[in-house]
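Biologist: I'd like a close look at a single part of this model, with enough of the surroundings to place it. Pick a piece and walk me through it, please.

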Amino acid sequence: MPEEVSALYRPVGQGEFDLVRASGFCRFPPRLPPQPFFYAVLTAPYATQIARDWDTKDESSGFVGYVLRFTVRSEFLKRYEIHIVGSAEHREYWIPRGDLEALNDNIVGNIEVISEFRRET
């Protein structure tokens, strides 16, 4: 019987994208000290909203936003609650910084780039 997996999405700026690419699209980089959580969102439209509407306006994101899709063993995700931030469409997992390596170990397959947005000039 195949294991159950859940598709998740991650909007990222240029710096985080470069680190994911350097991993061979297999792992997410460690959180920086002021980042207590890794946020994984449940839908592509929500991730797109962040990447397109926020990251492209943010200098620290390099004025670019990528939407990444990845699958995680569903059993791993059972220990985390889904948080709603804003409307019911804005659902995400908050993975504590200390659990990120375990999340990376539970990714099935590669992290995929499904869209890219750049600041309009």
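Modeller: Let's begin with the whole chain. A compact globule of 121 residues would have a radius of gyration near 14 Å, and this protein chain has 14 Å, so the two agree. That radius is taken over C-alpha atoms, and the globule rule is 2.2 Å times the number of residues to the power 0.38. Before you lean on the details, note that this is a predicted model: local features need pLDDT of at least 70, side-chain atom pairs count only at pLDDT 80 or more, and totals for chains, interfaces and linings use all residues. Residues are numbered from 1 along each chain as its sequence is written, and side-chain values use heavy atoms, with hydrogens and water left out.

The C-alpha atoms fill a box of roughly 50 × 35 × 30 Å along the principal axes. Inside it are four helices and six strands, where helices (H or I, at least four residues) and strands (E, at least two) are DSSP runs numbered from the N terminus. In sequence order the pattern reads β-α-β-α-β-α-β-β-α-β. Of the contacts with a separation of 6 or more, 77% are between residues 24 or more positions apart; a contact here means heavy atoms within 4.5 Å.

Now the surface and the inside. Buried residues come to 39% of the 121; buried is under 20% relative accessible area, exposed is over 50%, and partly exposed is in between (1.4 Å probe, protein chains only). The accessible surface of the chain is about 7000 Å², with 53% of it on carbon and sulfur atoms. Those areas come from the Shrake-Rupley method with a 1.4 Å probe, and for residues only the protein chains shown count as cover.

The piece I'd pick is helix H2, which spans residues 44-53, along with strand E2, residues 37-41. Which residues of H2 are buried? They are Tyr46, Ala47, Thr48, Ile50 and Ala51. If you want a way to read that list, an α-helix has 3.6 residues a turn, so residues three or four places apart point the same way. The cover over these buried residues includes strands E1 (5-12), E2, E3 (64-73), E5 (91-96) and E6 (107-118).

Look next at how H2 starts. A side-chain oxygen of Thr43 reaches to within 3.3 Å of the backbone nitrogen of Tyr46. I'm calling that a polar contact: a pair of N or O atoms within 3.5 Å, where within protein one must be able to donate a hydrogen and the other to accept it, and residues adjacent in sequence count only if both atoms are side-chain atoms.

Strand E2 is worth a pause, and Val41 is part of it. Val41 counts as buried because its relative accessibility is 2%. Leaving out residues up to four places away in sequence, Val41 touches Leu8, Tyr9, Pro11, Tyr46, Ala47, Ile50, Arg91 and Glu92. Of these, Tyr46, Ala47 and Ile50 are among the buried residues of H2. Val41 also sits 9.8 Å from Glu89, C-alpha to C-alpha, with their places 48 residues apart in sequence.

Ala40 lies in strand E2 too, and it is buried because just 1% of its relative area is accessible. With neighbours within four places set aside, Ala40 is in contact with Leu8, Tyr9, Phe70, Glu92 and Tyr93. Ala40 and Ile84, 44 residues apart along the chain, have C-alpha atoms separated by 12 Å.

Going back from E2, you meet the loop that joins helix H1 (14-22) to it, and Pro30 lies there. Pro30 is exposed, because its relative accessible area is 62%. Phe25 is in the loop between H1 and E2 as well, and is partly exposed at 21%. Phe25 also has a positive phi of about 60 degrees without being a glycine.

On the far side of H2, Phe63 is in the loop between H2 and E3. Its phi, near 55 degrees, is again positive in a residue other than glycine. Phe63 counts as partly exposed, at 23% relative accessibility. For background, most residues other than glycine have a negative phi.
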